[in-house]
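Biologist: Please take one part of this model and go through it closely, in connected prose, and then set it against the rest of the chain. I would like the reasoning spelled out wherever there is reasoning to give.

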Amino acid sequence: MRIFRAAAVTLAALALTLVSACKETSTGPGAVTCVASDPVCPSGTLALGFTGATGAPTIVPAGGAGTSIAVSTTSYVVAGTTSATTYGYWLLVTNDVLTSWGVLTVTGTVYGAEIPLFCGAQRIYFTFTGAGGRSYYVFDMNRTGCTGHAAFRVQLTWTNITSDLDLHLLRPTTGVIFSDTDCYFGSCKAANTSNLGLEWGATGAAGNPILDVDDTSYYGPENIYLTSGAEAGQYRIIIHNYSGEHYGDATGEVATVRIYLNDLEVRRYVSTPLNNTTALYWEVAKVNILTGAISDVGHYSSTPPTTLGAAPPARAPIAK
Ligand SMILES: [Ca+2]
Ligand SMILES: [Ca+2]
């Protein structure tokens with residue numbers, strides 16, 4: 001899919017201006033709370049199933065997906081068909097708050113995305129905008145097999161549509177980037193076939209962080225969770241501008257990192273532009289999950305901030 005991305009991005013960049021102009025905000029019981037940086041926000045009163053203006057783009061989930069879906073995975077791959085000619089958005093709402101959003105790519109008439117899921121109940125909106133207005137598809141997701149809240153979560157998002165930024169969480173004391181003491185796309189994504197067999201803390205699931213998705217193109221988000229069994233010491237959060245370049249502006253990619261302890265956002269960082277000369281890596285902070293103590297780092301470098309471990313797994317080159 002990546003080889004088609006350059007053309008899709010051109011269309012998407014044109015669409016972004018149009019979609020941003022349609023932003024909505026609302027308040028009150030059952031309403032969705034939006035923030036200024038979100039691209040588009042649905043009304044909180046939309047019913048499950050199809051809705052939208054007559055003449056707006058059609059949205060047909062593959063396989064006639066239902067309006068209440070339960071899975072035990074950390075992400076959910078969606079697909080279907082649409083009459084929209086430019087990309088849309090997925091929006092994830094928990095407890096009436098817009099907590100996450102990303103892009104639904106469109107190739108021909110087929111849309112798709114991999115959506116990172118939170119534990120428990122959440123509502124997902126698909127939205128496309130066309131000449132006839134905006135359409136939505138609304139459904140409920142329930143991620144099962146997880147135990148309530150995560151003791152720790154770190155989330156990465158970024159500003160440009162074609163860059164591939166990566167989230168890294170290094171194990172206390174012994175963490176080495178691009179190794180099995182580094183939770184990243186090559187080691188701790190649940191569905192990653194190149195999993196290095198990450199095992200932290202006590203034997204078993206306790207202490208093992210999980211990366212929900214590796215977004216390779218579209219703003220993120222990427223989340224790393226650690227539900228239980230945190231180790232003593234400081235976990236290190238590092239961002240890598242994997243694509244090594246920046247798109248859409250002349251300065252670089254701006255990343256935002258949010259740190260959550262027991263589901264409360266406790267710290268937010270915004271980077272200076274990440275580029276391929278002086279700021280390919282950004283070490284953000286160190287977190288002691290057991291005590292809740294966070295130390296700001298804010299170090300930018302052109303080389304990995306720690307000793308390089310084994311070479312990262314090969315990934316397909318990114319088409320420009
Ligand atoms: Ca990524
Ligand atoms: Ca473990």
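Modeller: Two strands are taken as paired if DSSP finds at least two bridges between them, and that is the sense in which I speak of partners below. The model is a predicted one, and the part I have chosen is strand β10, which covers residues 152-158.

Strand β10 belongs to an open sheet of 5 strands, whose order is β13-β14-β10-β16-β17 and whose pairing is antiparallel. The edges of this sheet are held by β13 (210-211) and β17 (264-270), and because each of them has a single partner strand, one side of each is left without a neighbour in the sheet. Strand β10, by contrast, has β14 and β16 on either side of it in the order. With strand β14 (residues 222-226), β10 shares 5 bridges in the antiparallel sense, and F152 has L226 as its bridge partner there. With β16, the antiparallel pairing of β10 runs over 7 bridges, and here V154 is set opposite I259. Strands of a sheet pair through backbone hydrogen bonds, which may be arranged parallel or antiparallel.

How are the two faces of β10 covered? On one side lie F152, V154, L156 and W158, on the other lie R153, Q155 and T157, and all of these residues are buried. A residue counts as buried when 20 or more other C-beta atoms lie within 10 Å of its own; 7 of the 7 residues of β10 meet that condition, so the strand is largely enclosed by the rest of the structure.

The neighbouring strand β16 (residues 255-261) shows a change of setting at T256, since this residue has 18 other C-beta atoms within 10 Å and is therefore partly exposed. Once neighbours within four places in sequence are set aside, T256 is in contact with T157, R268 and V270; T157 is one of the buried residues of β10. T256 also lies 9.7 Å from P221, C-alpha to C-alpha, although the two are 35 residues apart in sequence. A255 touches L156 and W158, and also L165, I239, S271, L274 and W282, when residues up to four places away in sequence are not counted.

A255 leads on to the nonpolar interior, as it is among the residues with the most contacts inside the largest nonpolar core, a set of 69 residues in which W90, L91, L104, I115, I239 and V257 are also listed. Domain 1 (2-143) and domain 2 (152-301) both give residues to this core, so it lies between them.

For comparison, a second open sheet of 5 strands has the order β12-β11-β15-β18-β19, again with antiparallel pairing. Its edges are β12 (182-183) and β19 (293-301), and each has a single partner strand, so one side of each lacks a neighbour in the sheet. Strand β11 (residues 165-170) is joined to β12 by 2 bridges, with L169 opposite C183.

Elsewhere, strand β4 (residues 75-82) pairs antiparallel with β2 (residues 59-61) over 3 bridges, where I59 has T82 as its bridge partner, and with β7 (residues 110-116) over 7 bridges, where S75 has P116 as its bridge partner. In strand β8 (residues 120-130), Q122 has 19 C-beta neighbours inside 10 Å and so counts as partly exposed; its C-alpha is 5.8 Å from that of V93, a residue 29 places away in sequence.

Taken as a whole, the chain has 1 helix and 19 strands, and 42% of its 320 residues count as buried. Among contacts between residues at least 6 apart in sequence, 64% join residues at least 24 apart.

Terms used
Residues are numbered from 1 along each chain as its sequence is written. Chains are lettered from A and ligands numbered from 1 in the order in which they are written. This is a predicted model: local features need pLDDT of at least 70, side-chain atom pairs count only at pLDDT 80 or more; totals for chains, interfaces and linings use all residues. Helices (H or I, at least four residues) and strands (E, at least two) are DSSP runs, numbered from the N terminus. A residue is buried if 20 or more other C-beta atoms lie within 10 Å of its own, exposed if 12 or fewer, and partly exposed in between; C-beta atoms are placed from the backbone. Two residues are in contact if their C-beta atoms, placed from the backbone, lie within 7 Å. A nonpolar core is a set of buried Ala, Val, Leu, Ile, Met, Phe, Trp, Tyr and Cys residues joined through C-beta atoms within 7 Å. Domain bounds come from an automatic or database domain assignment.
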